[in-house]
Amino acid sequence: MNRRSALAFIARVCAALCSVVIAIPGVAYVVDGLRRRSSSQSTKQRVARLMDLPPNKPVQVAVVGNRKDAWMSYPNETVGRVWLIRRNDDKTPANETKVDAFTATCPHLGCSIQLAANQQFVCPCHKAVFGSDGQQVQAAGHKAPAPRGMDSLECQLVEDPQSKQWWVEVTFQRFQQGSATKHPVT
């Protein structure tokens, strides 16, 4: 083996090693992305005490959880907001009380839905109006820009065994924007 063929062999080995060094993280990135897509992005947690919700008045609460991006994990960070509406008065037993939960994200473009003075929900980005039931309200002479009503969330009341207080537990989830039907983001 002469010097020229030895250098060519060493160059090929170095090129192969460089390819492997680049390929391993690339394959791991693709596999991790596929694995994450298949997992559910819902978060179930207690968000408010039942006694803190006034009857028929929407209350916005933050959903706190762990957020993770490609490089970092952020514990105890606000991952979303939810509107809660207690449908019964204080005379109704806690285990029979009905509470509705809606995401505070507009289904059109993802803006944060706010509460207007007339107890209706309004998207400040395009002036979509939603009633207290989460359905769109048609303004006279205007076409509703949102493709659907506010996204409802699973909600249940649970009693804390130690304190005997009733809590609202919400399964928080994000949904695709711009679609006429409600599809969870996975």
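Why is strand E4 largely enclosed by the rest of the structure? Select residues 99-103 and have a look: 5 of the 5 residues of this strand are buried, so E4 is largely enclosed by the rest of the structure. Keep in mind as you go that you are looking at a predicted model.

**Stop 1: strand E4 and its partner**

Keep E4 selected and show its side chains. In a regular strand the side chains alternate between the two faces of the sheet. Here both faces are covered: Val-99, Ala-101 and Thr-103 are buried on one side, and Asp-100 and Phe-102 are buried on the other.

Now add residues 73-86, which make up strand E3. E3 and E4 run antiparallel, and 5 bridges join them. To find one pairing, look for Arg-86, which stands opposite Val-99 in E4.

Stay on Arg-86 for a moment. Its side chain meets that of Asp-90 in a salt bridge, at 3.3 Å from N to O. Are the two partners buried or exposed? Arg-86 has a relative accessible area of 5%, so it counts as buried. Asp-90 reaches 62% relative accessibility and therefore counts as exposed.

Asp-100, on E4, is worth colouring by charge too. Together with Arg-87 and Lys-98, Asp-100 is linked in a network of salt bridges.

**Stop 2: the nonpolar cores**

Next, select Val-47, Val-82, Leu-84, Val-99, Leu-153, Val-168 and Val-170. These are the residues with the most contacts inside the largest nonpolar core, which has 17 residues. Five strands each supply at least two residues of this core: E1 (43-49), E2 (59-68), E3, E4 and E9 (166-172). A second core, of 13 residues, lies apart from the largest one; to locate it, pick Cys-111, Ile-113, Phe-130 and Met-150, which are among its members. As background, nonpolar side chains tend to be buried together in soluble globular proteins.

Back in the largest core, centre the view on Val-170. Which residues is Val-170 in contact with, leaving aside its neighbours within four places in sequence? The list includes Val-47, Val-82, Leu-84 and Leu-153. Val-170 is also in contact with Thr-43, Lys-44, Gln-45, Ala-101, Glu-154 and Cys-155.

**Stop 3: the hairpin of E8 and E9**

Select residues 154-159 for strand E8, and keep E9 in view. The two strands run antiparallel and are joined by 6 bridges. Glu-154 stands opposite Thr-171 in E9. Then follow the backbone through the turn, where 6 residues lie between the strands. Check the backbone angles of Lys-164 in this hairpin: its phi is positive, near 65°.

Trp-166 lies in strand E9. With 25% relative accessibility, Trp-166 counts as partly exposed. Not counting residues up to four places away in sequence, Trp-166 touches Arg-49, Leu-50, Ala-94, Asn-95, Leu-157, Val-158 and Glu-159. For a distance to try in your viewer, take the C-alpha atoms of Trp-166 and Ala-70: they are 37 Å apart in space, and the residues are 96 apart in sequence.

Past the end of the strand, Gln-173 is found in the segment after E9. Gln-173 has a relative accessible area of 18% and is buried, as the cut-off is under 20%. Beyond its sequence neighbours up to four places away, Gln-173 touches Ser-42, Thr-103, Leu-153 and Pro-184.

**Stop 4: more salt bridges**

The structure holds 7 salt bridges. Side chains of opposite charge can pair when their charged atoms come close. Here are two further pairs to label:

- Arg-49, one of the residues touched by Trp-166, meets Asp-52 in a salt bridge at 3.0 Å, N to O. Arg-49 is partly exposed at 26% relative accessibility, and Asp-52 is partly exposed at 42%.
- Arg-148 and Asp-151 meet in a salt bridge at 2.8 Å, N to O. Asp-151 is buried at 4% relative accessibility, and Arg-148 is buried at 8%.

**Stop 5: a patch on the surface**

Finish on helix H1, residues 3-38, where you will find Ile-10. Switch to a surface display. Which residues form a nonpolar patch with Ile-10? Select Met-1, Leu-7, Phe-9, Val-13 and Leu-17 along with Ile-10: together they have about 670 Å² of accessible area. Ile-10 itself counts as partly exposed, at 47% relative accessibility.

Terms used. Residues numbered from 1 in each chain as written. Predicted model: local features only at pLDDT ≥ 70, side-chain atom pairs only at ≥ 80, totals over all residues. Heavy atoms only, no water. Buried < 20%, exposed > 50% of the residue type's maximum accessible area, 1.4 Å probe, protein only. Helix = DSSP H or I, 4+ residues; strand = E, 2+ residues; numbered from the N terminus. Pairing = 2+ DSSP bridges. Core = buried A, V, L, I, M, F, W, Y, C linked by side-chain atoms within 4.5 Å. Contact = heavy atoms within 4.5 Å. Patch = residues over 30% accessible without salt bridge, like charges linked within 9 Å, V, L, I, M, F, W, Y side chains within 5 Å. Areas by Shrake-Rupley, 256 points an atom, 1.4 Å probe, with all protein chains shown as cover. Salt bridge = Lys/Arg side-chain N within 4 Å of Asp/Glu carboxyl O.
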